[in-house]
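Reader: Could you take me through one part of this protein up close, and then show me how that part sits in the whole? I'd like one connected account, please.

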Amino acid sequence: FNDKYGLSSRYFGGGGDQVATTNSPYLAYFQAVPSRMHNVSLVSTSVLTSRLVNQLVIGFNYFKQTFNSFDTSADPIALGFNTGVTDPDLAGPPNFTINGFAAVGGTQPLGRIDKTLHFTNNVSYAKGSHQLKFGGEFRLADLNIFYDSNKRGTFTYDGTVGPWASLPTSQASAALKSLADFMAGSYV
């Protein structure tokens, strides 16, 4: 504005959409990982005297990253798995665990939203060949982490439900009993 007072601002925005495979050896599930970030700052510089300068910075940062199944069109109810889930934000495949085998299912919704507001003030003082700088910063952070584990439903087959549950392991292994529970549709 003049030789004693200046004001500047800066904005950065970015984002990206990644798709990655999950670690299922049997089915190719993909997860989508969109990220969004915004950073804005306002810097006020005031020359108070020939020896004293004040700088005030006000900034705000926003970061959001979520993980979810890339394809949420799976309808568990149509496949005979009534999960009871009716929230459209939780559409997609449930988790299946057959003890003794690899678990399978989609990526459950998870992520974080991080908002940070900060104020920084610095005072610079010059005396002869010496320069001193004092300052401080105040940050106010709001971090929202969510992990909707098992909210799409979880089906666990552990071999304890069917009539084969009481068979000794010499006649049927624990994994075989779990698989029998799965084939019979008997889950915990």
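**A hairpin and its surroundings**

Author: Let's begin with the outside: in this predicted model, the accessible surface of the protein comes to about 12100 Å², and carbon and sulfur atoms hold 58% of that.

Now for the close look, at S2 and S3. Strand S2 covers residues 30–47 and strand S3 covers residues 52–69; the two run antiparallel, joined by 15 bridges. Together S2 and S3 make a hairpin, with four residues between them. If you want a spot to zoom in on, try serine 44, which stands opposite leucine 56 in S3. While you're there, keep in mind that side chains in a regular strand alternate between the two faces of the sheet.

Stepping back, the protein has eight strands and one helix. Going from the N terminus, the order is β-β-β-β-β-β-β-β-α, with the helix following the strands. The radius of gyration is 29 Å, while the globule rule gives 16 Å for 188 residues, so the protein is more spread out than a compact globule. The C-alpha trace spans about 90 × 35 × 25 Å along its principal axes.

What about the inside? Of the 188 residues, 25% count as buried. As for who touches whom, take the contacts with a separation of 6 or more: 63% of them come from residues 24 or more positions apart.

Last, the charges: there are 13 positive and 12 negative side chains, and the centres of these two sets lie 18 Å apart.

Methods. Residues numbered from 1 in each chain as written. Predicted model: local features only at pLDDT ≥ 70, side-chain atom pairs only at ≥ 80, totals over all residues. Heavy atoms only, no water. Rg over C-alpha atoms; globule rule 2.2 N^0.38 Å. Buried < 20%, exposed > 50% of the residue type's maximum accessible area, 1.4 Å probe, protein only. Contact = heavy atoms within 4.5 Å. Areas by Shrake-Rupley, 256 points an atom, 1.4 Å probe, with all protein chains shown as cover. Lys, Arg positive; Asp, Glu negative; His and termini not counted. Charge placed at Lys NZ, Arg CZ, Asp CG, Glu CD. Pairing = 2+ DSSP bridges.
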